[in-house]
Structures are given as structure tokens and as C-alpha cells.
Amino acid sequence: MSIQFRCDHCGKQVVAPDSAGGQRGKCPYCNGSNYIPAPVGDDELVPLAPLDEGEERRRQKEIDSLFLAEREILAESGGPPAVPLEQREDLQVEDLHHFVVNYCLDMGKGNLSRARRHVESLRQYGTMGAEAVNDYLTGKTKEPALNTLPPKVLQGFLTQLRGELKSGF
């Protein structure tokens, strides 16, 4: 059996042996370096835990309450409002890391519509958005909140996010 994936650089279909899974390899078409996904077998599938609807509603109420409290505190402080990212002249790749983290966390929770919004937010910053994803893929940046995701799952989310950003350029 073999592993099939698309090159991150040229987008062509690449076939690699199962033994190469989980490693890096060069694309035979463009020589770009790619992460070769590990082969997925039935024994590697992790069953999903049942969703507790009541717990999810309680959690969402708590989040909403925290957002409201944050807005009230900011309103009381009387400080100037923060300049939106899209209007900042000194924007750095690090300013976009939160989109990557939130994408992975939302994907892990199965909140695909919110994850999609993070993709669109990153996409509007072009190559800088892709650089933010690569910071996590290469290990340059780490976020403790992502430790809740299994490493292979996190790697898959990041690779998928990078692919989605490349398809939008």
C-alpha cells in the first residue's frame, strides 16, 4: 500500500511508500520539502467520546459571560480602543498566531464553522498567514493550549490549514 498526498509547493499528487509516513521528503516534481502523512489504518482510528449537550451549553454560557465581563471591564477602563489588525501598520506574523491556535482548538471541538472563520481571517493576510501556520508546523512557536490535542491530530490540523491557505492564493 502507499500514501497519497498533494505537494504543499506545486500541488501535484505525490505517492510515497508507507515506510515514509511521518517523515519529510522531496516532491519528485518540484523538489519541495513536504511532510509525508502517516498511513491511516483502522487500528489507528480513535473513537469519539459521546457529546454531553448539557455540558456544552453550560460551557458556552460561561464563555459568553466571560466575554461580557471583559467588554465591561474594557469599557470602564476608558482606554483607547485597540487598533484592529487589518488597520495596523506594524503587523507581525506573531500577531496572527491566535488565529492558528483557535483554528486547531475549534477543529478539535468539531466547531467547523468557527474554524472556517479563522481560515478566512488568516487568508486575508496572504503569505503572512501561511507563515503563522508554518511557525507551528516547524516547532518555532508552541502554545500550551494545543497540548490538549494529540500530536498527530495537531499535525493534521496544521497541515490541513496550510493547504487551505495555499489553495486560496
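A salt bridge here is a side-chain nitrogen of Lys or Arg within 4 Å of a carboxyl oxygen of Asp or Glu. The structure shown is a predicted model.

**Figure 1. Glu120 and Arg123 form a salt bridge in helix H3.** The closest N and O atoms of Glu120 and Arg123 are 3.1 Å apart. The two residues are three positions apart in helix H3, so about one helical turn separates them. Arg123 counts as partly exposed, at 22% relative accessibility. Glu120 is also partly exposed, with a relative accessible area of 37%.

**Figure 2. Arg116 and Glu120 are paired within helix H3.** The side chains of Arg116 and Glu120 meet in a salt bridge with an N to O distance of 3.7 Å. Both residues lie in helix H3, which covers residues 112-123. Arg116 and Glu120 are four residues apart, or about one turn of the helix. The relative accessible area of Arg116 is 38%, which means that Arg116 is partly exposed.

**Figure 3. A salt bridge joins Glu164 to Arg116.** The N to O distance between these side chains is 2.5 Å. Glu164 belongs to helix H5 (residues 151-167) and Arg116 to helix H3, so the pair ties together parts that are 48 residues apart in sequence. Is Glu164 buried or exposed? With a relative accessible area of 14%, Glu164 is buried, because buried means under 20% relative accessible area.

**Figure 4. Four residues make up a network of salt bridges.** Arg116, Glu120, Arg123 and Glu164 are linked in this network. Glu120 pairs with Arg116 and with Arg123, while Arg116 also meets Glu164. Side chains of opposite charge can pair when their charged atoms come close. How many salt bridges does a search of the whole structure find? The search finds nine.

**Figure 5. Helices H2 and H4 pack against each other.** Helix H2 spans residues 97-109 and helix H4 spans residues 127-137. The angle between them is about 65°, and their axes are 8 Å apart. The crossing of H2 and H4 is right-handed. Which residues of H2 meet H4? On the H2 side these are His97, Val100 and Val101. On the H4 side, the residues met are Ala132, Val133, Asp135 and Tyr136. By class, the contact comprises five nonpolar residues, one polar residue and one charged residue.

**Figure 6. The protein chain places these close-ups in context.** The chain contains five helices and four strands, in the sequence order β-β-β-β-α-α-α-α-α. Its C-alpha trace spans about 60 × 45 × 25 Å along the principal axes. Of the 169 residues, 28% count as buried. The accessible surface of the chain comes to about 11600 Å², and 55% of that surface belongs to carbon and sulfur atoms. Among contacts between residues at least 6 apart in sequence, 50% join residues at least 24 apart.

Technical notes:
Residues are numbered from 1 along each chain as its sequence is written. This is a predicted model: local features need pLDDT of at least 70, side-chain atom pairs count only at pLDDT 80 or more; totals for chains, interfaces and linings use all residues. Side-chain values use heavy atoms; hydrogens and water are left out. Axes are lines fitted to C-alpha atoms, for helices over the stretch in contact, and angles run from 0 to 180 degrees between N-to-C directions. A crossing is left-handed if the near helix is turned anticlockwise from the far one by less than a right angle, and right-handed if clockwise. Contact means heavy atoms within 4.5 Å. Ala, Val, Leu, Ile, Met, Phe, Trp, Tyr, Cys and Pro count as nonpolar, Asp, Glu, Lys and Arg as charged, and the others, Gly among them, as polar. Buried means under 20% relative accessible area, exposed over 50%, partly exposed in between (1.4 Å probe, protein chains only). Accessible areas come from the Shrake-Rupley method with a 1.4 Å probe; for residues, only the protein chains shown count as cover.
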